[in-house]
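I opened a fresh page for this one and wanted to see what I could look up piece by piece. Here are my notes, in the order I made them.

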Amino acid sequence: MAAAVPHLFVVPAYNEAANLPQLFRDLEERQQLFPDGSALIVVDDGSADETAAVVAAYDGPLPVELVRLEQNGGPGAAFRAGFQAALDREAPDALVVTMEADNTGDLDAVPRMLDRAREGADVVLASWVMHNVTASRRVLSAGAAFFIRGALGVDAKTVSSFLRVYRADALRRAHDAYGDRLIRESGFACKAELLAKFASLGARIEEVPVDLDTSR
């Protein structure tokens, strides 16, 4: 049987000191998500709280790594740093998982998303099934999806969720094609920007239904 490919989790975190311990506990219950060579890369995006200290002090079984940005640069900067840390590991067969640090994503969906990537999808999106979500967040998601569908013809229902899986080789191709221009947006629009650029390269983009519950 072939060895399992590593999973490289990239988790941007801004003022998430209160939420990270629960995220770590939830992931500790899912050790199968961390085969040999895997890493949980937490990017502290210039937090004003103890986010970096919480990550640095972690001494549990997860392969946690801290990437610290001195100033808050928004999700775009955090993803740039996290993706660079993942690509620096020289693991072209890895699967790169991005996710929220605030425990709103459904971790039980991650194995299904990983399976879809193993089957050949370059990018796997979490297609939100929303529970207890504010109207403004629904509007943001719907508006971004409308733009992407109209501009690129990508049939994606949710384009702004952090919860995604990328094939590392596809991420490397995108990085080689765009360089420092791969992520130029600093805010949440960076997720739509990334999707647009992957689509322009002919990437195979698929979606998996995932529960989103902000009441957590």
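Before I start on side chains, I need one term: a polar contact is a pair of N or O atoms within 3.5 Å, and within protein one of the two must be able to donate a hydrogen and the other to accept it. I should also write down that this is a predicted model.

**Entry: Ser38**

I began with Ser38, which sits in the loop between α1 (20-28) and β2 (39-45). Its side chain has a polar atom 2.7 Å from the backbone oxygen of Pro35. I then found that the side chain of Ser38 also reaches the backbone nitrogen of His7, at 2.9 Å.

Is Ser38 buried or exposed? I looked up its relative accessibility and got 7%. Buried means under 20%, so Ser38 counts as buried.

I listed what Ser38 touches, leaving aside neighbours within four places in sequence. The list is Pro6, His7, Leu8, Leu33, Pro63 and Arg89.

**Entry: His7**

His7 turned up in the Ser38 notes, so I followed the trail to it. His7 belongs to strand β1 (residues 7-13). With a relative accessibility of 3%, His7 counts as buried.

Which backbone atom does the side chain of His7 reach? I found the backbone oxygen of Leu33, at 2.8 Å.

Not counting residues up to four places away in sequence, His7 touches Leu33, Pro35, Ser38, Ala39, Leu95, Leu114 and Arg118. I also checked His7 against Val97: they are 90 residues apart in sequence, yet their C-alpha atoms are 7.0 Å apart in space.

**Entry: Pro111**

Leu33 came up again when I looked at Pro111, which is in helix α4 (residues 110-118). Pro111 and Leu33 are 78 residues apart in sequence and 7.5 Å apart in space, C-alpha to C-alpha. Pro111 has a relative accessible area of 30%, so I put it down as partly exposed.

**Entry: Thr51**

Next I went to Thr51, in helix α2 (residues 51-57). Its relative accessibility is 0%, so Thr51 counts as buried.

I found two side-chain partners for the side chain of Thr51. One polar contact goes to the side chain of Asp49, at 2.7 Å. Another goes to the side chain of Ser47, at 3.5 Å. Beyond residues up to four places away in sequence, Thr51 touches Ala13, Asn15, Glu16, Ala17, Leu20 and Asp44.

**Entry: helices α3, α6 and α7**

Then I moved on to how some helices pack. Helix α3 (residues 74-87) and helix α7 (residues 189-200) have their axes 8 Å apart, at an angle of about 50°. That angle makes α3 oblique to α7. On the α3 side, I noted Pro75, Gly76, Phe79 and Phe83 in the contact, and on the α7 side Cys190, Lys191 and Leu194. Sorted by class, this contact has five nonpolar, one polar and one charged residues.

α3 also packs against helix α6 (residues 168-178), at an angle of about 120° and with the axes 11 Å apart. The crossing of α3 past α6 is left-handed. Here α3 brings Phe83, Gln84 and Leu87, while α6 brings Ala168, Leu171, Arg172 and His175. By class I have four nonpolar, two polar and one charged residues for this contact.

How do α6 and α7 cross? Their axes come within 10 Å and cross at roughly 90°, which means α6 is roughly perpendicular to α7. The residues in contact are Ala170, Leu171, Ala174 and Tyr178 of α6 with Lys197, Phe198 and Ser200 of α7. They divide into five nonpolar, one polar and one charged.

**Entry: the whole chain**

Last, I stepped back to the whole protein. How many helices and strands does the protein have? I have seven helices and seven strands on my page. From the N terminus on, the order is β-α-β-α-β-α-β-α-β-α-β-α-α-β.

The protein has 216 residues, and 52% of them count as buried. Among contacts with a separation of 6 or more, 81% come from residues 24 or more positions apart.

Notes
Residues are numbered from 1 along each chain as its sequence is written. This is a predicted model: local features need pLDDT of at least 70, side-chain atom pairs count only at pLDDT 80 or more; totals for chains, interfaces and linings use all residues. Side-chain values use heavy atoms; hydrogens and water are left out. Axes are lines fitted to C-alpha atoms, for helices over the stretch in contact, and angles run from 0 to 180 degrees between N-to-C directions. Helices (H or I, at least four residues) and strands (E, at least two) are DSSP runs, numbered from the N terminus. Angles under 35 degrees count as roughly parallel, over 145 as roughly antiparallel, 65 to 115 as roughly perpendicular and the rest as oblique. Contact means heavy atoms within 4.5 Å. Ala, Val, Leu, Ile, Met, Phe, Trp, Tyr, Cys and Pro count as nonpolar, Asp, Glu, Lys and Arg as charged, and the others, Gly among them, as polar. Buried means under 20% relative accessible area, exposed over 50%, partly exposed in between (1.4 Å probe, protein chains only). A crossing is left-handed if the near helix is turned anticlockwise from the far one by less than a right angle, and right-handed if clockwise.
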